[in-house]
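This report describes how one protein chain is packed. Please examine the sequence and the structure shown below before reading on.

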Amino acid sequence: MTKATLAAYYAAVAEKMLPHIHDRPLSLVRDTDGDLQQTFFQKHKLPGMPKAIHDGQLEKMSGKESRILWVGDLAGLIAGVQMNVLEFHVWGSLRQQPSLPHRMIFDIDPDEGLSFSDVKQAALDIRGILEALGLQSWPLLSGGKGVHVVVPIVTCY
């Protein structure tokens with residue numbers, strides 16, 4: 001796969017993807033050399049990063065401040081492609097209100113010995129339990145081998 005192919009993919013899915021990523025603090029999973037053997041998690045801005053990947057301060061519930069990254073548009077997704085971003089991992093809240101999450105995520109990360117059909121079955125099992133509790137959910141591919149089961153929540157405060 002080339003960067004051009006991945007950029008074209010993001011352009012095609014941006015309308016559906018951006019509401020789930022726009023203005024959310026995120027971590028990037030990046031590849032160092034294109035062979036998928038050496039990846040790393042990035043949570044903070046590094047020198048030379050494109051301006052379309054924004055950074056800023058965030059005050060945590062503990063009162064401590066932290067630097068975060070976020071994207072707001074297709075240009076941010078494409079900037080990620082240029083930097084060898086393989087996965088965008090977002091928070092369950094917006095950056096403007098980090099202590100007011102509006103989604104809960106069950107993150108299914110399989111063991112090396114499990115197949116994707118096992119992951120899919122686990123997601124279906126979780127969805128069934130949530131449904132029995134009266135909660136709606138949907139699957140979201142995490143970018144790797146896992147699945148996130150996303151549950152929208154309404155904050156009460």
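Which residues does Ile68 touch, not counting residues up to four places away in sequence?

## Ile68 in strand β4

The model discussed here is predicted. Ile68 is placed in strand β4, which covers residues 65–70. Not counting residues up to four places away in sequence, Ile68 touches Pro25, Lys43, His54, Asp55, Gly56, Leu58 and Arg95.

Ile68 counts as buried because its relative accessible area is 6%, and buried means under 20%. Along the chain, Ile68 and Asp107 are 39 residues apart, and their C-alpha atoms are separated by 21 Å.

## The nonpolar cores

In soluble globular proteins, nonpolar side chains tend to be buried together. The largest nonpolar core of this model has 19 residues. Those that touch the most other members are Ile21, Leu26, Leu28, Ile53, Leu77 and Phe88. Two or more residues of this core come from each of the elements α1 (3–21), β1 (26–31), α2 (74–82) and β5 (85–90). The element that gives the most is α1, with 6 residues.

Ile53 shows how such a residue is surrounded. Leaving aside neighbours within four places in sequence, Ile53 is in contact with Leu28, Lys45, Leu69, Trp70, Val71, Gly76, Ala79, Gly80 and Met83. Apart from the largest core lies another core, of 7 residues, among them Ile108, Val119, Ala123 and Val151.

## The kinked helix α1

Helix α1 has 19 residues, and a straight helix would reach 27 Å at 1.5 Å a residue. The end C-alpha atoms of α1 are only 20 Å apart, however, which falls short of that span. A kink of about 75 degrees, centred on Ala14, is found in α1. After the helix comes Asp23, whose phi is positive, near 65 degrees.

The buried residues of α1 are Leu6, Ala7, Tyr10, Ala14, Leu18 and Ile21. These buried residues pack against β1, α2 and β5. Ala14 is thus named twice: as the centre of the kink and as one of the buried residues of the helix.

Is Pro19 buried or exposed? Pro19 also has its place in helix α1, but it is exposed, with a relative accessible area of 53%. Not counting residues up to four places away in sequence, Pro19 touches Ala14 and Arg24. Pro19 and Phe106 are 87 residues apart in sequence and 19 Å apart in space, C-alpha to C-alpha.

## Aromatic rings

A pair of aromatic rings is described by the distance of the centres and the angle of the planes. The structure holds 2 aromatic pairs. One of them is formed by Tyr10 and Phe88, with 5.8 Å centre to centre and 80 degrees between the planes. This pair is edge-to-face, because planes over 60 degrees apart count as such.

The pair links distant parts of the chain, since Tyr10 belongs to helix α1 and Phe88 to strand β5, 78 residues apart. Tyr10 is buried, with a relative accessible area of 7%. Phe88 is likewise buried, at 13%. Together with Tyr9, these two residues form one aromatic cluster.

Another ring, that of Trp70, has a charged neighbour. The charged end of Arg95 sits over this ring, 3.8 Å from its centre. Arg95 is also among the residues that Ile68 touches.

How values were computed. Residues are numbered from 1 along each chain as its sequence is written. This is a predicted model: local features need pLDDT of at least 70, side-chain atom pairs count only at pLDDT 80 or more; totals for chains, interfaces and linings use all residues. Side-chain values use heavy atoms; hydrogens and water are left out. A nonpolar core is a set of buried Ala, Val, Leu, Ile, Met, Phe, Trp, Tyr and Cys residues joined through side-chain atoms within 4.5 Å. Buried means under 20% relative accessible area, exposed over 50%, partly exposed in between (1.4 Å probe, protein chains only). Helices (H or I, at least four residues) and strands (E, at least two) are DSSP runs, numbered from the N terminus. Contact means heavy atoms within 4.5 Å. Rings of Phe, Tyr and Trp (its six-membered ring) pair if their centres lie within 6.5 Å; planes under 30 degrees apart count as stacked, over 60 as edge-to-face and the rest as tilted. A charge sits over a ring if NZ of Lys or CZ of Arg is within 6 Å of the ring centre and within 35 degrees of the ring normal. The expected span of a helix is 1.5 Å times one less than its number of residues. The bend at a residue is the angle between axes fitted to the seven residues ending there and the seven starting there.
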